[in-house]
Each structure stands twice: as structure tokens, then as C-alpha cells.
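Student: I am new to this structure and would like to understand how it is arranged. May we go through it by question and answer?

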Amino acid sequence: MLEYVSNTGGGKPVNFETAILDGFAIDGGLYVPTALPQVSPQQLEQWKSLSYVELAFEVLSLFIDRSIMSAAELKQVLNTAYADFEHKEIIPIHQLKSRKDTYVMELFHGPTISFKDVGLAFLVNLVNFFLQRKNERLSLIVATTGDTGPATAYFSAGKSNLDAWILYPKDKITEEQERQMTCLPHANIHPVGVANCPEGSDDLDEVIAKLYANKSFKNKIKLGSVNSINWGRIMMQTVHYFYGYFHVIDKPGEKINMSVPSGGFGNVCAGSLARKMGLPISKIIVANNENACLHRIFSEGKFSKEEYVETPSSAIDILIPFNFWRYLYFCVDQDAGKIKVWLNEFQTRGTVTFDKQTYKNYSSGFLSYRAKDQETLDLIAQIYHDEEYLLDPHGAVSVCATDVYKDTLSGEKTICFATAHPSKFPVAIGDALKTQNLPIAAQHPSIEAQKLQCEKVYLCDNKHLESALIQAMEANWDLVNK
Ligand SMILES: *Cc1c(COP(=O)(O)O)cnc(C)c1O
């Protein structure tokens with residue numbers, strides 16, 4: 001049986017269902033499978049023409065024991081999850097004309113038009129499936145840099161067995177993203193706009209960690225999380241690496257590169273694990289904006305927290321890429337003791353410098369880059385003028401990084417990930433194109449529709465967020481369980 005353990009070594013191995021419903025492991029670590037399944041060249045050959053949902057079924061079946069979910073149940077959850085995507089391919093791939101062998105993977109055709117839909121569509125439906133089966137209720141809590149919140153809200157709305165509490169840093173996300181959370185009428189959706197978050201959603205993650213550590217509260221209201229601390233997100237996100245790969249290659253075995261705009265490292269963690277499972281990825285390019293913790297990790301061998309900077313690609317304004325620790329676990333022979341020591345060092349000293357061997361082990365096969373704001377905006381304008389294709393600021397960060405490394409990458413195809421629809425970032429697009437008059441490509445009907453709806457939201461100051469949340473969440477729990 002495939003089991004899951006904490007990457008910091010605490011607690012006992014658990015089954016897949018427990019790992020998903022718990023979110024964090026009991027010691028506050030991140031769940032990882034005890035072994036990474038391997039994909040053979042024959043399997044790659046068999047999978048190459050599958051649709052996204054068919055491929056997801058094959059990949060996920062490597063991680064989920066049939067005793068936990070039957071094939072029919074897994075198919076059912078997958079079909080429900082992706083029914084609301086606007087594009088029949090789920091993740092279409094566009095070839096750029098202005099660059100050789102360069103593709104854009106459009107991860108924004110879900111209902112809230114960002115890449116977060118891809119992981120959360122499945123995970124939230126899966127959580128509700130398990131809860132219905134157990135006849136239990138859960139209070140989900142997530143922090144968002146602007147896209148996790150809307151996707152969690154959309155997929156949780158009206159679900160029978162869960163409440164969703166969604167914390168966002170007020171004034172650090174776009175109005176469009178905010179309305180995607182606050183315009184839902186459903187009684188089980190609870191957006192919380194939090195003032196005074198100098199470090200954005202990292203401040204909110206801290207409060208969530210405290211709530212998790214408060215065992216009596218956690219057990220009373222059955223706390224769970226679908227942030228990318230949840231293994232289900234990482235597992236699901238491995239699928240689009242396989243899917244994109246099959247879409248652009250001539251034949252299985254060919255090596256290609258992937259460039260990923262990165263914040264919490266959830267997406268890249270998934271890609272790195274897909275590569276360790278046997279997907280022939282040559283280089284993974286970790287694309288940062290000015291908040292460049294990951295770039296420091298991969299270029300200097302140093303995990304350190306620096307000052308928070310607001311950028312046009314606000315969904316990746318993240319200071320602490322916690323999913324790096326999940327990937328690192330697989331680069332140090334699954335030695336949880338080492339991860340624990342480094343995490344303690346980071347907590348006490350604010351910085352960790354990795355030894356040469358560790359650095360070599362985790363950084364091989366990666367390139368990284370820190371894109372400046374102006375460079376990102378200029379690239380949006382350039383591609384729009386050259387070929388009338390409009391990237392959002394995050395997709396632009398991934399193409400900037402690819403441009404910088406074009407000599408290293410030449411001879412192989414590269415897929416750049418476009419993780420959001422430009423209509424979520426109208427101010428940045430206006431700055432890039434130097435006009436208030438945005439083109440049709442910068443609009444989306446769902447964003448237009450929500451402008452006419454009322455908002456429903458809790459507002460709270462970060463100073464007393466923890467106690468205010470305990471009160472509100474307990475009151476709601478008593479109400480719905482009366
Ligand atoms: C969340 C997000 C990312 C970063 O993903 P991570 O898994 O946190 O690295 C990139 N782009 C957009 C638009 C996002 O919403």
C-alpha cells in the first residue's frame with residue numbers, strides 16, 4: 001500500500017485519504033509519498049494521445065490505492081472537476097511566432113481563469129467526496145496571493161460537506177481577484193480581507209500555522225487546507241507537465257524544457273517530481289519576479305527571506321517558498337532529519353546556506369531568473385505588438401526567463417507556463433501597453449459579470465486576526481451543525 005509521511009519525520013505513515021483531509025502532517029510538516037512511482041518509456045508511449053482527463057486518471061492512479069478509491073470513483077471525481085472549464089482541451093497550448101520552438105501552456109481556462117483552477121478543481125471535489133463518504137464536515141482555510149482564493153471559493157461554493165475560509169491580504173491583490181471571492185452568494189464561502197499584511201499572504205500563512213497548532217480548536221471545527229501544502233495539489237499538478245510534454249514532442253523520449261513563474265514552488269515541485277518519475281524534462285526554469293527567494297536558492301545555494309516587494313505579477317509575491325522543502329526531501333535520500341534541521345535553522349537564523357553536495361543534488365537540471373518589473377511589462381507589449389498575443393504578467397515572467405537562456409535551451413523545445421488570464425491584471429496590462437483602452441484580449445466575460453454583483457466579505461486587521469477567526473469559525477461551526 002502506498003503511504004504518506006511527513007517530510008520532517010513526525011507522526012506515523014497515513015493513507016492517501018488521511019493525507020488529503022489533514023492538509024498538514026501532524027508535526028506541521030508536508031506529506032510526501034513514501035516512494036515516488038516510476039513511469040516507464042512504454043507507459044509514456046501508451047499515454048501520448050490521451051486527453052487531459054484520461055491522462056490525469058493514469059497519473060493519479062499511481063498515487064491512489066484502489067482500496068481508497070475505485071477506478072469508477074476516481075473517474076467520476078475527475079469528470080465533475082473539469083466539467084466547468086471553458087476550453088475542451090482543458091489546457092490548450094499555443095506556439096509563439098516570434099520565438100523559435102517556444103510554446104505557451106495556457107493554464108487559465110478554468111472557471112476563475114488562473115492555474116489554481118487546475119489543481120483545486122480536483123482537490124476540492126476530492127475532499128468533498130471523502131467527507132460525504134464519511135458523513136463528516138470540514139472547515140477549509142486557505143491564504144491567497146490572489147488566485148488560490150477565487151478557485152477555492154468557486155469549487156467549494158454550495159458543496160454539501162465543507163465551509164471555506166479564505167484569507168487575503170487587502171490591497172495586495174487586484175480588485176478583479178477580490179470580487180471573484182466576494183461576489184459569491186453561497187452560505188459556506190467566507191472571504192476574509194485582512195488589513196496590515198506588510199508581507200502579503202506570507203503573514204496569513206503564519207496565522208494559519210497557529211490555528212493548526214491549536215489542537216482543541218482544530219479538532220473542534222475539523223480544520224483542513226487546500227493550499228499547496230496539501231499533497232493533492234502537488235499530485236494533480238504533475239499531470240499538466242505530462243500533458244504539455246505529449247502535446248509538443250515529436251516522439252516520446254525527446255527532451256524538452258519547461259519555464260514556470262514561481263512563488264510557493266508548488267507548481268515546480270510537481271514538475272520536479274514528474275521528472276524524477278521519468279518524464280524527460282531537460283531543464284526546468286524557475287522564473288521569479290523581484291521577490292527572488294527561489295532564484296537565490298538555485299543560483300547561490302541559499303534559502304533566505306528578504307524584503308517584500310510589490311510587483312505587477314502579484315500572485316508570485318511570496319517570500320517563503322515552502323514547497324521547496326518537499327522537493328528537497330527527495331534530493332537528500334528522503335532524510336526527514338536533514339529537512340528538520342534546515343527548517344529549524346531557517347526559523348532561528350532566517351537563512352540557510354546548503355552544503356556543496358546538497359546544492360549540487362537539488363539544483364541540477366534547473367535554471368533560474370529574477371525578472372524585473374519593467375522587463376516583464378516590456379515583454380507583454382513586445383509579444384502583443386509582434387503577434388497580437390496577450391500574456392498576463394506571470395506568463396510574461398516565464399517568457400522573460402526563457403529569452404535570457406535561449407542559447408542554453410536552443411535545439412530543444414520549451415514550454416512557458418501562462419498561469420493567469422490577463423483580465424485579472426488590467427492595471428499591469430494598461431501599464432504594459434501604455435493605454436487605458438484595453439484590447440478585447442484583456443477582457444473576460446466572467447470578470448465583467450461580477451462587476452455588477454454585490455460583495456459579501458469579513459474585514460479584519462491582521463493584529464487580531466487569530467482570535468477573530470477563532471470566534472467567527474466556531475460560531476459558524478455551531479450554526480451549521482445545529
Ligand atoms: C499561484 C500562482 C503562481 C505560482 O505558483 P506556485 O505553485 O506558488 O509557485 C504563478 N502564477 C499565478 C498566476 C499564480 O496564481
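Tutor: The exchange below treats the predicted model, beginning with the ligand and moving on to the sheets.

Student: Which residues come nearest to the ligand?

Tutor: The ligand has 15 residues around it. To count as near, a residue must have a heavy atom within 4 Å of the ligand. Those that come nearest are Lys116, Asp147, Gly264, Asn267 and Thr419.

Student: How do the residues of the shell around the ligand divide into nonpolar, polar and charged?

Tutor: Glycine is counted with the polar residues in this scheme. On that basis, the shell around the ligand holds six nonpolar, seven polar and two charged residues.

Student: At what distance is an oxygen atom of the ligand from a polar backbone atom of glycine 263?

Tutor: A polar contact requires a pair of N or O atoms within 3.5 Å. An oxygen atom of the ligand lies 3.0 Å from a polar backbone atom of phenylalanine 265, and an oxygen atom of the ligand lies 3.1 Å from one of glycine 266. For glycine 263, the distance to a ligand oxygen atom is 2.9 Å.

Student: How much of the accessible area that the ligand has on its own does the protein cover?

Tutor: On its own, the ligand has 370 Å² of accessible area. The share of this area covered by the protein is 98%.

Student: Which are the edge strands of the open sheet of five strands?

Tutor: This sheet has parallel pairing and the order E8-E5-E6-E7-E15. An edge strand pairs on one side only. The edge strands are therefore E8 (223-224) and E15 (458-461).

Student: Which residue in E15 stands opposite valine 194?

Tutor: Strand E7, residues 189-195, pairs with E15 in the parallel sense over four bridges. Opposite valine 194 stands cysteine 460.

Student: At about what angle does helix H21 run to E6?

Tutor: Helix H8 (residues 201-213) lies across E5, E6, E7 and E8, and runs at about 150° to E5. Helix H21 (residues 465-480) lies across E5, E6, E7, E8 and E15. Its angle to E6 is about 160°.

Student: What is the order of the strands in the open sheet of six strands?

Tutor: The pairing in this sheet is mixed. Its edge strands are E3 (93-95) and E13 (366-370). The order is E3-E4-E14-E9-E10-E13.

Student: Which residue in E10 stands opposite proline 261?

Tutor: Strands E9 (residues 256-261) and E10 (residues 281-288) pair in the parallel sense over five bridges. The residue opposite proline 261 is alanine 287.

How values were computed: Residues numbered from 1 in each chain as written. Predicted model: local features only at pLDDT ≥ 70, side-chain atom pairs only at ≥ 80, totals over all residues. Heavy atoms only, no water. Polar contact = N/O pair within 3.5 Å; in protein donor to acceptor, adjacent residues only side chain to side chain. Areas by Shrake-Rupley, 256 points an atom, 1.4 Å probe, with all protein chains shown as cover. Pairing = 2+ DSSP bridges. Helix = DSSP H or I, 4+ residues; strand = E, 2+ residues; numbered from the N terminus. Contact = heavy atoms within 4.5 Å. Axes fitted to C-alpha atoms, helices over the stretch in contact; angles between N-to-C directions.
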